[in-house]
Amino acid sequence: MLVLPDRDAAEEAATEAVDRFGLGEEPQVVREALAGEDDAEDAQWLVVIEDPDAALAVPALDALAAEYDGWHEAE
């Protein structure tokens, strides 16, 4: 899962993940409000990359997230 600061970054990273990692489908993009926050400004956007066989290298996921000012988080 990639955690990104805004929707545009998340959507771009999802598209890039398909190209970069040869995914069969675009990852799901999900908004996650921060705990206790109701303001839309206080949200993170998640790019959920399905990788059941752990075939994707963690450094590659870290690098992709960093390009969009985010981070990779293991589920």
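Leaving aside neighbours within four places in sequence, with which residues is Leu-61 in contact? In this predicted model, Leu-61 is in contact with Leu-2, Phe-21, Ile-49, Leu-56 and His-72, once those neighbours are set aside. The residue belongs to helix H2 and, because its relative accessible area is 7%, below the 20% limit, Leu-61 counts as buried. One of its partners, Phe-21, stands 40 residues away in sequence, yet the two C-alpha atoms are separated by 9.4 Å in space.

The wider arrangement of the chain gives these contacts their setting. The secondary structure comprises two helices and four strands, which follow one another along the sequence in the pattern β-α-β-β-α-β. Of the 75 residues in the chain, 35% count as buried. Among contacts with a separation of 6 or more, 54% are accounted for by residues that lie 24 or more positions apart.

Helix H2, which spans residues 58-67, has Leu-61, Leu-64 and Ala-65 as buried residues. These three are placed on the same side of H2, because the arc that they cover around the axis is only 95°. The packing partners of the buried residues of H2 are E1, H1 and E4. After the helix comes Asp-69, whose phi is positive, near 60°.

The largest nonpolar core contains 17 residues, and those that touch the most other members are Leu-2, Leu-4, Phe-21, Val-47 and Ile-49. At least two residues of this core are supplied by each of strand E1 (2-4), helix H1 (7-21), strand E3 (43-48) and helix H2 (58-67), and the largest share, six residues, comes from H1. When residues up to four places away in sequence are not counted, Leu-2 touches Ala-13, Trp-45, Leu-46, Val-47, Ile-49, Leu-61, Leu-64, Ala-65, Trp-71 and His-72. The buried residues of H2, namely Leu-61, Leu-64 and Ala-65, are thus found among the residues touched by Leu-2.

Attention may next be given to the space left open by the protein. Rolling a probe the size of a water molecule over the atoms shows where such empty space is left. The largest pocket has a volume of about 210 Å³ and a lining of 13 residues, among which Met-1, Ile-49, Asp-51, Leu-61 and His-72 lie nearest its centre. Sorted by class, this lining consists of eight nonpolar, one polar and four charged residues. Ile-49 and Leu-61, both of which lie among the residues nearest the centre of the pocket, are also in contact with each other, and Ile-49 is one of the core residues that touch the most other members.

Two loop residues remain to be described for their backbone angles. Most residues other than glycine have a negative phi. Ala-54, by contrast, has a positive phi, near 50°, and is located in the loop between E3 and H2; because its relative accessibility is 61%, above the 50% limit, Ala-54 counts as exposed. Asp-69 likewise has a positive phi, of about 60°, although it is not a glycine, and its place is in the loop between H2 and strand E4 (71-72). With a relative accessible area of 66%, Asp-69 is also exposed.

Definitions and conventions: Residues are numbered from 1 along each chain as its sequence is written. This is a predicted model: local features need pLDDT of at least 70, side-chain atom pairs count only at pLDDT 80 or more; totals for chains, interfaces and linings use all residues. Side-chain values use heavy atoms; hydrogens and water are left out. A nonpolar core is a set of buried Ala, Val, Leu, Ile, Met, Phe, Trp, Tyr and Cys residues joined through side-chain atoms within 4.5 Å. Buried means under 20% relative accessible area, exposed over 50%, partly exposed in between (1.4 Å probe, protein chains only). Contact means heavy atoms within 4.5 Å. On a 1 Å grid over the protein atoms alone, a cavity is a set of points where a 1.4 Å probe fits but cannot get out, and a pocket is an open set with protein on both sides within 12 Å along at least five of seven lines; lining residues have an atom within 4 Å of a point. Grid points are joined across faces, edges and corners, and a volume is the space filled by probe spheres set on the points. Ala, Val, Leu, Ile, Met, Phe, Trp, Tyr, Cys and Pro count as nonpolar, Asp, Glu, Lys and Arg as charged, and the others, Gly among them, as polar. The arc is that of the directions from the helix axis to the C-beta atoms.
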